[in-house]
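Q: I'm new to this structure and would like a close look at one part of it. Could you walk me through a single sheet and what surrounds it?

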Amino acid sequence: MTVSTTLIPLRVLVAEDSEDDFEILLRELKRGGYEVVATRVASPAQLDAALGREWDLVISDWMMPGFGGRVVLDTLSTRGVKTPCIVISGTIGEEPAVEALKAGALDFLSKDKPKRFAPVVERALREAAERIRSEEIRRRSIELELQNRRIQEANRLKSEFLANMSHELRTPLNAIIGFAELLHDGAVDPATPQYREFLGDILTSGKHLLQLINDVLDLAKVEAGKLEFRPEKVELGKVVQEISAILRTTVAAKRIRLETDLDASIGDVFLDPGRLKQIAYNYLSNAMKFSPPGGKVTLRITKDGDTAFKLEVSDEGIGIAEQDLGKLFVEFQQLEAGTAKRHQGTGLGLALTKRLVEAQGGAVGVMSKVGAGSTFFAVIPRRVEALTELALPRVPTRERVRRKGAPAVLVVEDDAGDQAQLVSTLAAAGYDVELAGTGADALAKWRQRMFDAVTIDLLLPDMSGLDLLSALSADPRATGVPIIVVTVVPDTNVVAGFAVHDVIHKPLDTDSLIASLVRAGVTAAPRGEAS
Amino acid sequence: MSGERILIVDDNPTNLKLLAYLMTQQGYVVATALDADAALASIERDHPTLILMDLQLPGVDGLALTRQLKQAPATRDIIIIAVTAYAMKGDVEKAVAAGCDDYVTKPIDTRRVPSIVARHIEQRAARGSGAPA
């Protein structure tokens, strides 16, 4: 007759100097239904070695020459081993029992009652499992509590952000609506200089509002991990040149001495040039804002170890008090001290810069002293990985065929106002512009001659801009011709999958259109300059 | 009532200009201040009948300034209308608690603000006509 019982596997480490006692213990455990894998240790060194492996249970003799239950329990505790431990002894006194339990033993066994071994082990294992379970529950409830606090804090920050956002949006809107109402109601005589001045105020406030919205959208995108980074091989020298060019007007207006200092040994870096420019631009325009007229602003790019580089912008401005340094990279925390508040800004530039840098695996920082100027810096890895699959596919660079005359740009746009703006901007910059008002018109003109670049509005009267994009992409003559989408559609992802060089949002910033063409390698000599 | 003195306090120069133009057009004598210190100096100099007060100011904010003015015997008669871009729940209560007599949210309605200002000044004049100055 065979009794079929399922044996419970048990890995047990036994600290015992007597081979006989060890055998008895194993026999009793097997009899109690355990399938035992056991190792006997009789010295601290052996114990130490054995604890490298996983055990379900430790059973230790209390009294051994040069060793003992106390040592075993202390070793378990100092090594942070959570395995349950039972102490076994020939002479069971009350005092050692209490000492063992205090030192962490789960139970105490007497060698003269071998029949009790298995039941005590069973109870000890059950207790140990329960202990682990309740510890797990405690740990989880602490985790939940922490998580809950984090959510509450995030929620509070969101509400605060919304309140600030509402405030920041209403401020320029107050000027836009207020002045527009005055002008519209005929409350201002068009013949007075005030009329023009108020129009200027509306325009400036409108631009400020747009900047605010763009910054907020970027901020939201970085937060959601959805900001596009399109890493490519970048020549830092070229980036520095382009940023200097963008800032030329501000530099001239405030007579800023802009100095650039590029460590040539950095070599090429691999990152999104647009984002790098955004970072440098934010720092530089801040530095200029807080510089006195005629002040010096320095853009310095140096090596930072072998894998990173450091972009630094220093100014000779008013400086920042130490207690305010922490607020700098936080949304809407424009410093209120003294004149700082009078410097218009969205209060988002530095917060955005910080996130842009961090999203690329870098870090930002600032050094400043009141009255002695500030230095803002960003340490950025030389190689930034593409962080999103939403990135637009890059148009492969083609060998540009040098043609005589100005580069030809086909402008596909149906809105009369935007047509005028695009045509005059591009023509003034020296491009040869051809205008198409509909998709069909665009395709007809496209077939007639070669173009160096195309700008497309996504909303056309006769066909979808996306259909036009597909039609152009299908034409082998379009290979390598940069296509720039100029659109009011805020979501760049709509053109994902199309070979689009760039997406520019309306209202159109003419500088960024030209900059985009230049990035695509389609450069022209401005009107009036010798070509 | 034209000829009354109005002080406009706002840290944003463009918005200050808008309100100043609007009030000047109504025939008021307008003073402006970009912060609490300038406002206090102006009030000291020529006690205004009414203040259009932006609540977010650098340093001492508009709420604190309002409380200060409403507590001082010399200035508690000045009508204070909060003009603020804070438009969330609880903001009106805060303004009223600080002692503001009325509350206008930015963007302001340029057609309504003059009538609100006029109403407060008329009410004050009607109430104050029997009492000694």
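A: Happy to! In this predicted model, chain A holds an open sheet of five strands, and their order across the sheet is β16-β15-β17-β18-β19. The pairing is parallel. As a bit of background, strands in a sheet are joined by backbone hydrogen bonds, in either a parallel or an antiparallel way.

Start at the two edges. On one side you will find β16 of chain A, covering residues 432–436, and on the other β19 of chain A, covering 502–505. Each of these edge strands pairs on one side only. As you step from one strand to the next, the twist averages 20°.

Now zoom in on the β19 edge. Its partner there is β18 of chain A, made of residues 483–487, and the two strands run in the parallel sense over four bridges. To find one spot in this pairing, look for Thr487(A): its bridge partner in β19(A) is His505(A).

Next, move over to the part of the sheet that includes the β16 edge. Here helix α11 of chain A, residues 416–428, lies across three strands: β15 (408–412), β16 and β17 (453–456) of chain A. Follow the helix against β16(A) and you will see that α11 runs at about 165° to that strand.

So there is your tour in brief: a five-stranded open sheet with parallel pairing, edged by β16 and β19 of chain A, with helix α11 of chain A lying across β15, β16 and β17.

Technical notes
Residues numbered from 1 in each chain as written. Chains lettered and ligands numbered in written order. Predicted model: local features only at pLDDT ≥ 70, side-chain atom pairs only at ≥ 80, totals over all residues. Pairing = 2+ DSSP bridges. Axes fitted to C-alpha atoms, helices over the stretch in contact; angles between N-to-C directions. Contact = placed C-beta atoms within 7 Å.
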